[in-house]
Amino acid sequence: MITRVGFIGLGNMGGPMCANLVRGGFEVSAYDLDASALARARDAGAHPADSAIDCARGAEALITMLPAPPHVEQALLGDGGAIGALEHGALSIDMSTSSIDVGRRVVQAASERGVEVLDAPVAGHPTRAAAGALGIFVGGSEAAFARARPLFEAMGDPQRIFHLGPNGAGYTVKLLLNLLWFIQSVATGEVLTVGVRAGVPLEKLHTALVASPANTNFLEHDVRAVLEAGDYDDVFPLRLVTKDLGLAVDLARDVGVPVELTALVEQVHRRARALYGDDGGQISAVRLYEDLAGIELRLPPRA
């Protein structure tokens, strides 16, 4: 049974995930380059580490939650990489949205030390991370997944923790669900702006679409942040959106599937990033269509 956990990456998602492990009764060593993030983890009950290696030393499971594949590779395999500090029989669990190529290199390096690896990226807003209600998508062996399940249940919704197959399966599913969400963002922005410019009141248009066979969770729920408050959700910024879409395009190329729609959706988001900056919100595709149409998509306040 795992009791000692290392956690590297204490940002908007990693910080609350780390805190939930502490609340779950695990002994957690935490590390981040950001001193303020590390201080928050200490205040939540984690033991601050001086480096990635220090964080991994003595851990039965090491979790990484980092922005992009280069950060994952540097933290685990670079100079001072944490894999080298893990003992035989430990687990390395990457919960970042990363690439299968980096994952393969981590698996190879870890196997030489007798360390098992899981890719276990998550889905959910930081509010769900704080509530311990994330979706978790896991690739790796059944045995390693079973060992790690108590950790996942401390951070995620038990009904939304999925073992999907061998190493790489978790990364794959996370990239595909992000891709589908961003496709829906573009499609919803197009449909709503065309309908409003054609003279249909937004409230009636939205209600009719939600009641139709074309309804989606994005249309019914996620886009309401824009429609009700002009909130494009900058908690997940465009620099990460375009990173994830680029990884999805790479994945499709690697498996030999032509993805014209995916490539177009990536370009729409890159255009939005050029206009609204790296820190623009993840629903900025809708903002782009608003600006192109010269309108704001806003519902009247709820009674």
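How many of the ten residues of helix α14 are buried? Seven are, and that leaves this helix mostly covered. Keep in mind as you explore these close-ups that the model is predicted.

**View 1. Helix α14 and the helices that cover it.**
Helix α14 spans residues 284–293. Its buried residues are S284, A285, V286, L288, Y289, E290 and A293. If you look at what lies over them, you will find other helices, including α8 (169–197), α11 (224–229), α12 (238–255) and α13 (260–276). Just past the end of α14 comes G294, where phi is positive, at about 70 degrees.

**View 2. Q282, in the loop that leads into α14.**
Now step back to the loop between α13 and α14, where Q282 has its place. Is Q282 buried or exposed? Its relative accessibility is 11%, and because buried means under 20%, Q282 counts as buried. Leaving aside residues up to four places away in sequence, Q282 touches W181, F182, S185, Y232, D233, F236, V241 and H269. For a sense of scale, try finding A110 as well: the C-alpha atoms of Q282 and A110 are 34 Å apart in space, and the two residues are 172 apart in sequence.

**View 3. Strand β4 and its partners β1 and β5.**
Strand β4 covers residues 61–64. Follow its side chains one by one: A61 and I63 point one way, while L62 and T64 point the other way. This is a nice example of a general pattern, in which side chains of a regular strand alternate between the two faces of the sheet. All four of these β4 residues are buried. Strand β1 (residues 4–8) runs parallel to β4, and four bridges join them. To find your way along this pair, look for V5, which stands opposite A61. Strand β5 also pairs with β4 in the parallel sense, again over four bridges. Here a useful landmark is L62, whose bridge partner in β5 is S92. Between β4 and β5 you can trace helix α4 (residues 69–77), and together these three elements make a right-handed β-α-β unit.

**View 4. D94, a buried acidic residue in β5.**
D94 belongs to strand β5, which spans residues 91–94. Which side chain of opposite charge is nearest to D94? It is K243, at 9.0 Å. A salt bridge needs the charged atoms within 4 Å, so K243 is too far away to form one with D94. D94 is therefore buried without a salt bridge. What the side chain of D94 does have is a polar contact with the side chain of Y171, at 2.5 Å. Besides Y171, the residues that D94 touches are T64, V72, L118, D119, A120 and P121, not counting those up to four places away in sequence. T64 is one you have already met, in strand β4.

**View 5. Salt bridges within helices.**
Side chains of opposite charge can pair when their charged atoms come close. In this model the count comes to 15 salt bridges, and here are three of them.

In helix α11, the side chains of E228 and R224 meet at 2.7 Å, N to O. These two residues are four apart, about one turn of the helix. Both count as partly exposed, E228 because its relative accessibility is 39% and R224 because its value is 22%.

In helix α12, R253 and D250 form a salt bridge at 3.0 Å, N to O. They sit three residues apart, again about one turn. R253 counts as exposed because its relative accessibility is 54%, whereas D250, with a relative accessible area of 30%, is partly exposed.

In helix α13, E266 and R270 make a salt bridge at 3.1 Å, N to O. Why are these two separated by about one helical turn? They are four residues apart in the helix. E266 counts as buried because its relative accessibility is 10%, while R270, at 34%, counts as partly exposed. As a last stop, return to R253 and D250: salt bridges that share partners join them with D254 into one network.

Key
Residues are numbered from 1 along each chain as its sequence is written. This is a predicted model: local features need pLDDT of at least 70, side-chain atom pairs count only at pLDDT 80 or more; totals for chains, interfaces and linings use all residues. Side-chain values use heavy atoms; hydrogens and water are left out. Buried means under 20% relative accessible area, exposed over 50%, partly exposed in between (1.4 Å probe, protein chains only). Lys and Arg count as positive and Asp and Glu as negative; His and the chain ends are not counted. A polar contact is a pair of N or O atoms within 3.5 Å; within protein, one must be able to donate a hydrogen and the other to accept it, and residues adjacent in sequence count only if both atoms are side-chain atoms. Contact means heavy atoms within 4.5 Å. Two strands pair if DSSP finds at least two bridges between them. A crossover is right-handed if, with the strands pointing away from the viewer, the path from the first strand over the helix to the second runs clockwise.
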